[in-house]
Amino acid sequence: MGNSTESHGSALPLHTCVVKRRTSANRLFAIVYSFAILSLLYHHYKALLHSFNMVSLLILLADVVLVFMWTTSQAFRMRPVERRVFVEHLEHYAKTISDYPRLDVFICTADPYKEPPMCVVNTALSVMAYDYPTEKLSVYVSDDGGSKLTLFAFMEAARFAAHWLPYCRKNKIVERCPEAYFKSHLSWFDPETDQIRMVYENMRARVESVVQTGIINLDYISNEGETEVFSRWTDEFTPKNHPPVVQVLLEQNKDEDVTGHMMPNLVYVSRGKSMKLPHNFKAGALNVLLRVSGIMTNAPVILTLDTDMYSNDPQTPLRVLCYLLDPAMDPKLGYIQFPQIYHGINENDIYGSQLKLEFQIEPCGVDGLVGPTYVGTGCFFRRGVFFGGPSSETPEPNHPMNKSINSKQVLAMAHHVADCDFEMQTNSKWGIEIGLKYGTLVEDFYTGYLLHCKGWKSIFCNPKRPAFLGNSPINLHSALNQIMRWSVGLLEVAFCRYSPIAFGVKSINLLQGLCYTHYAFWPMWTIPITIYAFVPQLALLNSASIFPKASDPWFLLYIFLFLGAYGQECLEFMSAGETIQRWWNNQRIWTIRGLSCFAFALVEYLLKIIGISTVGFSVTSKVVEEEQSKRYNKGIFEFGVASPFFLPITTAALINLASFMWGIVQVILKQRSFDDLFMQMLLAIFGTVNGWPVYEAIVLRTDEGKMPLNITLMSITLALTLYLVSSIVF
């Protein structure tokens with residue numbers, strides 16, 4: 001993608017790219033570790049020749065999957081890079097407003113009760129206040145729930161924006177999400193701030209009142225035009241069956257803020273839906289926004305955002321222009337991806353919600369190859385990437401020129417392309433060859449992957465100040481449910497006709513294909529995690545030894561493989577500014593995922609394949625309960641509900657504790673030597689330490705977040721059943 005750039009006769013670079021210093025060490029370690037893996041496989045071969053049994057086969061299966069996942073993960077470590085942009089040099093490349101490309105922002109929401117409208121409003125206001133020419137900025141909000149409550153919230157937001165945008169400009173506010181700004185400036189009192197805070201609080205009170213009651217008070221409607229808009233919500237209008245609604249709330253060259261400055265476009269879109277036609281979840285909603293915006297503004301640059309992912313840096317678009325306006329940049333550059341970073345994470349991140357490895361560390365590695373994948377939010381695209389490859393002609397949407405976006409002709413066309421049967425009527429290739437891709441729950445990952453297969457490249461931009469901040473689940477069930485949904489979608493990609501392990505490696509290159517393979521087969525971690533969480537421990541309970549003795553030279557190989565993999569990941573966490581405690585919590589939640597949501601995702605996918613179950617999309621709730629929030633901030637795990645996810649987790653914790661205690665008894669009574677049982681006891685104590693939150697939730701806690709009694713009883717029953725069955729095997 002190039003290093004420093006020089007253009008327009010200027011020696012001032014817009015950006016730099018350097019390979020990280022640890023690259024050579026990564027490559028050397030990969031070579032050494034590979035020889036250790038080959039030695040392990042040789043040891044398995046000899047063991048199978050000596051004793052061919054079910055336990056040996058299970059351990060071999062676990063190790064083969066571990067080898068596969070480790071091998072694919074090394075592709076991220078072969079050429080990690082670090083980028084830097086120089087916004088201060090941009091003035092030499094964009095000297096007038098006409099040099100700035102138009103920008104369309106897409107924000108998606110789906111349920112006003114799981115995704116409170118005020119959350120979406122704050123996201124929209126934060127990007128409307130960008131340090132960017134307002135005449136070049138348009139914000140489109142997709143309401144896939146078709147809720148008049150969300151529309152009302154944005155009517156209120158449009159009015160508040162007339163006060164908020166000039167306030168941000170005048171005071172050079174950096175934190176332009178109103179909710180975040182007022183929370184961080186509670187003790188800052190001045191007349192102007194107090195006034196804007198009061199305006200915001202009044203708006204929030206009206207919106208939350210309407211959401212709570214479900215009724216829009218006539219006192220809140222300011223004109224007949226708004227009354228006419230809400231009249232579209234008839235008794236036949238339901239979230240899953242309704243005509244399209246496209247409403248222009250703010251229009252450039254017409255609407256001004258309180259200081260007389262032009263306002264950016266703000267457009268509400270609720271695509272048409274029918275129970276008889278597929279709607280293709282978020283990918284379908286974004287494709288509608290692509291068509292509607294193509295008719296209205298047709299900006300060459302598009303930013304996609306999730307409901308809760310508000311802007312944390314008003315200069316983010318300028319950072320993007322440091323790449324897009326560089327004349328020396330590779331013309332195949334298709335998009336710039338920013339990391340998903342979350343606010344409100346507790347001190348030690350007990351649920352691994354930051355996904356530090358996946359969202360911040362590994363993208364630096366893939367950025368040195370062809371580029372990071374699309375993660376669904378915080379991504380700036382060239383519009384052309386959705387309509388063909390970098391070498392093909394990009395079709396321009398047939399949008400009316402020099403017409404108001406609020407004109408009857410433009411609105412009629414917008415409603416037409418937003419209708420539920422548009423794609424079927426036009427026999428188009430939407431979701432297949434153009435637009436975001438259909439066919440999986442992870443439309444973002446799949447779209448980014450196929451864009452790379454077409455020849456597009458991407459860049460990972462990770463500034464010191466996070467460009468965007470979002471919410472993350474604060475209870476374990478929601479966190480695992482979110483990962484399960486992603487995992488099912490990843491398996492859909494892993495076993496589709498464009499599987500990364502074959503098509504990806506061939507279409508892109510070996511290393512980039514292996515990176516996509518690693519992500520696509522993410523849920524397969526459940527196989528080794530589940531086997532190593534149960535089999536050695538059950539063997540220990542039955543006084544059977546299945547690993548080399550501590551005095552055996554092969555024992556050192558197992559220790560090296562274990563410490564090598566964990567040590568490398570720990571060093572990566574530490575180099576990324578994380579603590580040992582956060583790394584420990586991350587590996588613990590990884591084990592928990594392997595026993596629960598990864599396993600359930602694999603089962604769900606297999607059932608879907610044979611037609612027994614159909615995977616659906618469920619919105620992750622952004623509603624925060626106060627008591628849960630208090631426990632989360634204290635670092636206490638939230639169980640509380642009788643989730644099936646907790647059954648294998650609790651069963652594994654009980655078996656590991658029992659096996660470790662039984663191992664100690666055997667050593668004390670000298671029934672078995674410590675040398676014989678060391679490896680299994682090491683795994684058992686590792687599982688026991690990781691299981692501490694479970695023991696605490698079962699025995700020590702009395703709050704509402706404790707482990708439900710029925711889960712505890714079922715886990716005890718299941719653990720005893722597994723022990724009885726294992727006694728036959730061993």
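A residue counts as buried when its relative accessible area is under 20%. In this predicted model, that cut-off is a handy way into the sheet: five of the five residues of strand β9 (residues 333-337) are buried, so β9 is largely enclosed by the rest of the structure. Strand β4 (137-143) is mostly covered too, with seven of its seven residues buried. From β4, Leu 137, Val 139, Val 141 and Asp 143 point one way, while Ser 138, Tyr 140 and Ser 142 point the other way, and all are buried.

Both strands belong to an open sheet of eight strands, arranged in the order β5-β6-β4-β3-β7-β10-β9-β11 with mixed pairing. At its edges are β5 (245-250) and β11 (457-460), each of which pairs on one side only. From one strand to the next, the twist averages 20°. As a general reminder, the strands of a sheet pair through backbone hydrogen bonds, either parallel or antiparallel.

Several of these pairings can be followed residue by residue. Strand β3 (residues 103-109) runs parallel to β4 and is joined to it by seven bridges; here Ile 107 stands opposite Val 141 of β4. Strand β7 (residues 301-305) and strand β10 (residues 379-382) are antiparallel, with four bridges between them, and Val 301 has Arg 382 of β10 as its bridge partner. The pairing of β10 with β9 is also in the antiparallel sense, over three bridges, and places Gln 337 opposite Cys 379 of β10. On to the edge strand β11: four bridges link β9 to β11, and the two run parallel. Within that pairing, Tyr 335 has Ser 458 of β11 as its bridge partner.

The loop between β4 and α4 holds Ser 147. With a relative accessibility of 9%, Ser 147 counts as buried. Leaving out residues up to four places away in sequence, Ser 147 touches Pro 112, Trp 233 and Tyr 268.

Attention now turns to the nonpolar interior. The largest nonpolar core has 208 residues, and the members that touch the most others are Trp 164, Val 292 and Met 296. Helix α4 (residues 148-171) supplies the largest share of this core, 15 residues. The surroundings of Val 292 can be listed in some detail: apart from neighbours within four places in sequence, Val 292 is in contact with Tyr 140, Val 246, Val 269, Ala 414, Val 417 and Ala 418. Among these partners, Tyr 140 is one of the buried residues of β4 described above.

Aromatic residues offer another view of the packing. Across the whole structure, a search finds 51 aromatic pairs. In one of them, the ring centres of Tyr 181 and Phe 182 are 5.4 Å apart and the ring planes meet at 65°, so the pair is edge-to-face. Tyr 181 and Phe 182 are both buried. Another pair is formed by Phe 555 and Phe 678, with centres 5.4 Å apart and planes at 70°, so this pair is edge-to-face as well. Phe 555 lies in helix α18 (residues 553-575) and Phe 678 in helix α23 (residues 674-690), so the contact ties together parts that are 123 residues apart in sequence. Phe 555 is buried, with a relative accessible area of 9%, whereas Phe 678 counts as partly exposed at 25% relative accessibility.

Tyr 181 and Phe 182 also take part in an aromatic cluster, together with Phe 160, Trp 164, Tyr 167 and Tyr 200. Trp 164 is thus a link between two descriptions, because it belongs to this cluster and to the largest nonpolar core. A ring can also face a charge: the charged end of Arg 291 sits over the ring of Trp 430, 4.8 Å from the ring centre.

Finally, two residues have notable backbone angles. Phe 281, although not a glycine, has a positive phi of about 50°. Phe 281 is found in helix α8 (residues 281-296) and is partly exposed, with a relative accessible area of 27%. For Asn 298, phi is near 55°, again a positive value in a residue other than glycine. Asn 298 lies in the loop between α8 and β7 and is buried, with a relative accessible area of 7%.

Technical notes
Residues numbered from 1 in each chain as written. Predicted model: local features only at pLDDT ≥ 70, side-chain atom pairs only at ≥ 80, totals over all residues. Heavy atoms only, no water. Phe/Tyr/Trp six-rings, centres within 6.5 Å; stacked < 30°, edge-to-face > 60°. Buried < 20%, exposed > 50% of the residue type's maximum accessible area, 1.4 Å probe, protein only. Lys NZ or Arg CZ within 6 Å of the ring centre and 35° of its normal. Core = buried A, V, L, I, M, F, W, Y, C linked by side-chain atoms within 4.5 Å. Contact = heavy atoms within 4.5 Å. Pairing = 2+ DSSP bridges. Axes fitted to C-alpha atoms, helices over the stretch in contact; angles between N-to-C directions.
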